[in-house]
Amino acid sequence: MNQKKLLYAGKAKSVYRTDVKDQLIVEFRDDITAFDGGKKDVLKNKGSYNAEVSAFFFDYLNRNGVKTHFVRMLDPNHMVVCRLDMIPLEVIVRNIAAGSIVRNYPFKEGSKLDPPVIVIDFKDDSRHDPMLNDDLIVALKLTTPAELKKIKKIALEINRLLFRILAKQGIVLIDFKIEFGRQGKAICLGDEISMDSMRLWDKKSGESLDKDVYRFNKGDVMATYNSVTQRITHTAKKAGKTRN
Ligand code: 5GP
């Protein structure tokens with residue numbers, strides 16, 4: 001497979017065309033940003049940790065009946081994916097109150113959200129990703145009502161599966177953000193699932209194991225990304241499962 005023209009460059013990933021029909025290459029770069037791009041750095045190997053964890057979760061989800069765009073890894077920073085018609089929604093699933101939900105609403109940090117809360121933001125940097133509701137999503141023609149229902153159902157299933165596998169490693173899945181696209185009529189998970197897009201707390205110590213370490217200068221970001229990557233992917237290695 002040959003990498004062709006750059007299609008899109010985001011804050012931490014770049015997407016390239018390839019010479020294979022309907023397949024793209026996602027490059028996980030070492031850039032890290034927070035606060036709407038207000039804080040920026042380049043951290044060596046960060047891209048490969050996020051790529052490894054994303055590939056691990058995509059493979060796990062695919063094997064558990066959730067359709068994702070993941071095809072295979074080319075090298076530690078480059079992932080081959082199916083081309084999707086991306087839907088500009090940030091679907092956030094929350095199990096424990098933290099982050100913006102605590103800043104914006106009277107939830108106590110660390111309190112359990114049962115059932116999990118789904119929040120959907122409009123992926124639009126120029127508008128600072130405002131929160132949407134079902135009527136706005138349909139009025140903006142971002143999805144049909146049936147697609148939205150399906151997206152929420154898949155998001156909750158992904159939450160169930162990720163929560164379970166992370167718990168085995170003593171990690172609590174506080175919340176995460178995912179993005180979907182269309183492949184024909186099917187809804188398919190795209191983008192990434194990594195330390196940049198999840199909030200993870202160590203079950204015993206309660207310490208952050210994700211981008212909050214970078215956002216709030218809580219410690220050595222790369223040491224955290226390295227050790228959490230080992231912990232997450234260890235589940236698979238122990239079970240003798242491989243991914244390609
Ligand atoms: P919050 O709304 O509390 O800032 O974020 C909730 C969850 O979604 C966190 O796990 C956070 O990392 C993720 N998230 C929210 N917005 C974005 C975004 O624009 N990009 C990424 N990568 N993750 C996001």
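Two strands count as paired when DSSP finds at least two bridges between them. In this predicted model, strand β12 (residues 180–183) and strand β13 (residues 186–189) are joined by 4 bridges.

**Close-up of the β12–β13 hairpin.** Strands β12 and β13 run antiparallel and form a hairpin with 2 residues between them. Glycine 184, in the turn, has a positive phi of about 65 degrees. Phenylalanine 180 has leucine 189 in β13 as its bridge partner.

**Close-up of arginine 182 in strand β12.** A polar atom of the arginine 182 side chain lies 2.9 Å from the backbone oxygen of leucine 142. Leucine 142 is also listed among the contacts of arginine 182, together with Leu84, Asp85, Ile87, Thr143, Glu147 and Ile187; neighbours within four places in sequence are left aside. One of these contacts, Glu147, is a buried residue of helix α4.

**Close-up of the open sheet of 4 strands.** The strand order is β10-β9-β11-β14, and the pairing is antiparallel. The edge strands, β10 (112–122) and β14 (198–202), each pair on one side only. From one strand to the next, the twist averages 15 degrees. Strands of a sheet pair through backbone hydrogen bonds, in either a parallel or an antiparallel arrangement.

**Close-up of strand β9 and its two partners, β10 and β11.** Antiparallel pairing with β10 extends over 7 bridges, and leucine 89 stands opposite phenylalanine 122 in β10. Strand β9 (residues 89–96) is joined to strand β11 (residues 171–178) by 4 bridges, and these two strands also run antiparallel. Toward β11, isoleucine 92 stands opposite lysine 177, while arginine 94 has aspartate 175 as its bridge partner. Strand β9 is mostly covered, with 8 of its 8 residues buried.

**Close-up of isoleucine 120 in strand β10.** The relative accessible area of isoleucine 120 is 5%; because the threshold for a buried residue is under 20%, isoleucine 120 is classed as buried. Not counting residues up to four places away in sequence, isoleucine 120 touches Leu89, Glu90, Val91, Pro130, Met131, Leu132, Ile137, Leu148 and Lys152. Among these, Leu148 belongs to the buried residues of helix α4. Arginine 103 is 17 residues from isoleucine 120 in sequence and 17 Å from it in space, C-alpha to C-alpha.

**Close-up of helix α4 (residues 145–167).** At 1.5 Å a residue, the 23 residues of α4 should span 33 Å, and the end C-alpha atoms are 33 Å apart, which agrees. The helix lies across β9, β10, β11 and β14, running at about 150 degrees to β11. Its buried residues are Glu147, Leu148, Ile151, Ile154, Ala155, Ile158, Asn159, Leu161, Leu162, Ile165 and Leu166.

**Close-up of the largest nonpolar core.** This core contains 57 residues, of which Phe57 and Ile158 touch the most other members. Ile158 is one of the buried residues of α4. Leaving aside neighbours within four places in sequence, phenylalanine 57 is in contact with Leu162, Ile165, Leu166, Ile193, Met198 and Ile232. Apart from the largest core lies another core, of 5 residues, including Ala98, Val172, Ile174 and Trp201. In soluble globular proteins, nonpolar side chains tend to be buried together.

Definitions and conventions: Residues are numbered from 1 along each chain as its sequence is written. This is a predicted model: local features need pLDDT of at least 70, side-chain atom pairs count only at pLDDT 80 or more; totals for chains, interfaces and linings use all residues. Side-chain values use heavy atoms; hydrogens and water are left out. The expected span of a helix is 1.5 Å times one less than its number of residues. Buried means under 20% relative accessible area, exposed over 50%, partly exposed in between (1.4 Å probe, protein chains only). Axes are lines fitted to C-alpha atoms, for helices over the stretch in contact, and angles run from 0 to 180 degrees between N-to-C directions. Contact means heavy atoms within 4.5 Å. A nonpolar core is a set of buried Ala, Val, Leu, Ile, Met, Phe, Trp, Tyr and Cys residues joined through side-chain atoms within 4.5 Å. A polar contact is a pair of N or O atoms within 3.5 Å; within protein, one must be able to donate a hydrogen and the other to accept it, and residues adjacent in sequence count only if both atoms are side-chain atoms.
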